[in-house]
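The following exercises concern charged side chains and their surroundings. Please study the sequence and the structure before reading each solution.

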Amino acid sequence: VLTAGLGAVGVGVVAAPTDSSDSPELTKLELTPTTLLLLLGLLIALVSLEVLVRAVAVREKAPICEMGSGSRALHEFATGLQAGIMFGLSAAASRCALLLSMQFAQPILIPVGIGCSVLLTSAGFFMQARGLKDGRAVVVCTYAAISTLASGVLVGVLALSEPLPETGAQLAAWWASMLMIAFGVGLLVRRDAGTAFAKHEQ
């Protein structure tokens with residue numbers, strides 16, 4: 001958890017600053033094939049995670065707190081990632097609404113974007129609460145935070161054309177932070193799997 005947290009902080013610290021010469025009016029959003037594929041991928045991820053949550057519940061046919069360690073870990077993993085994706089899309093919705101309102105000179109798009117953001121955030125809180133109900137708060141919140149960061153980076157870079165760090169040192173630090181996040185999540189998943197296997201052997 002600490003490793004993933006430090007990586008998340010590192011990503012924020014070395015993020016490319018916004019150039020004052022590039023005003024939001026110059027940023028034009030276009031519905032490119034890359035954007036469509038990204039949205040489709042996130043939708044498929046959400047549906048797949050929901051199928052996983054329901055499959056675990058049907059297999060165990062018991063409250064989460066009474067499930068085996070492996071099933072509970074899968075439930076925490078799925079609900080945490082779902083919540084994080086929703087939170088990431090919520091932030092992207094607000095940003096997209098702001099850019100589109102400037103691009104098309106339609107201020108009405110701003111409250112529409114805020115409304116979408118509120119709905120996505122509410123859905124994220126619901127999914128996170130579902131995981132926190134009987135799961136471990138540290139695990140669920142860690143997955144949610146990492147998923148929020150990952151989805152935010154993907155949407156920002158691929159859909160909103162936001163720049164990555166420009167200098168070699170900053171870019172190296174950015175990638176190192178991303179690797180720390182992946183490493184931390186991998187350790188968390190491996191620990192859960194190892195615990196489940198040990199209990200199964202007993």
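**Exercise 1.** Determine what the side chains of Glu50 and Arg130 form where they meet, and where the two residues lie.

Solution. Step 1: the side chains of Glu50 and Arg130 meet in a salt bridge, with 2.9 Å from N to O. The term salt bridge denotes a side-chain nitrogen of Lys or Arg within 4 Å of a carboxyl oxygen of Asp or Glu.
Step 2: Glu50 belongs to helix H2 and Arg130 to helix H4 (residues 109-132), so this pair ties together parts that are 80 residues apart in sequence. Helices (H or I, at least four residues) are DSSP runs, numbered from the N terminus.
Step 3: side chains of opposite charge can pair when their charged atoms come close.

This is a predicted model, in which local features need pLDDT of at least 70 and side-chain atom pairs count only at pLDDT 80 or more, while totals for chains, interfaces and linings use all residues. Residues are numbered from 1 along each chain as its sequence is written, and side-chain values use heavy atoms, with hydrogens and water left out.

**Exercise 2.** Identify the residue in helix H2 with which Glu50 forms a salt bridge, and classify both partners as buried or exposed.

Solution. Step 1: Glu50 forms a salt bridge with Arg54, and their closest N and O atoms are 3.0 Å apart.
Step 2: both residues lie in helix H2 (residues 33-60), separated by 4 residues, about one turn of the helix.
Step 3: Glu50 is classed as buried because its relative accessibility is 18%, whereas Arg54, at 55%, is classed as exposed. Here buried means under 20% relative accessible area, exposed over 50%, and partly exposed in between (1.4 Å probe, protein chains only).
Step 4: Arg130 has a relative accessible area of 22% and is therefore partly exposed.
Step 5: a network of salt bridges links Glu50, Arg54 and Arg130.

**Exercise 3.** Explain which parts of the chain are tied together by the pair Arg136 and Glu76, and state how accessible each residue is.

Solution. Step 1: a salt bridge joins the side chains of Arg136 and Glu76, at 2.7 Å from N to O.
Step 2: Arg136 lies in the loop between H4 and helix H5 (137-159), and Glu76 in helix H3 (residues 69-104), so the pair ties together parts that are 60 residues apart in sequence.
Step 3: Arg136 counts as partly exposed because its relative accessibility is 27%; Glu76, at 0%, counts as buried.

**Exercise 4.** State how many salt bridges the structure holds.

Solution. The structure holds 4 salt bridges, among them the pair Arg136 and Glu76.
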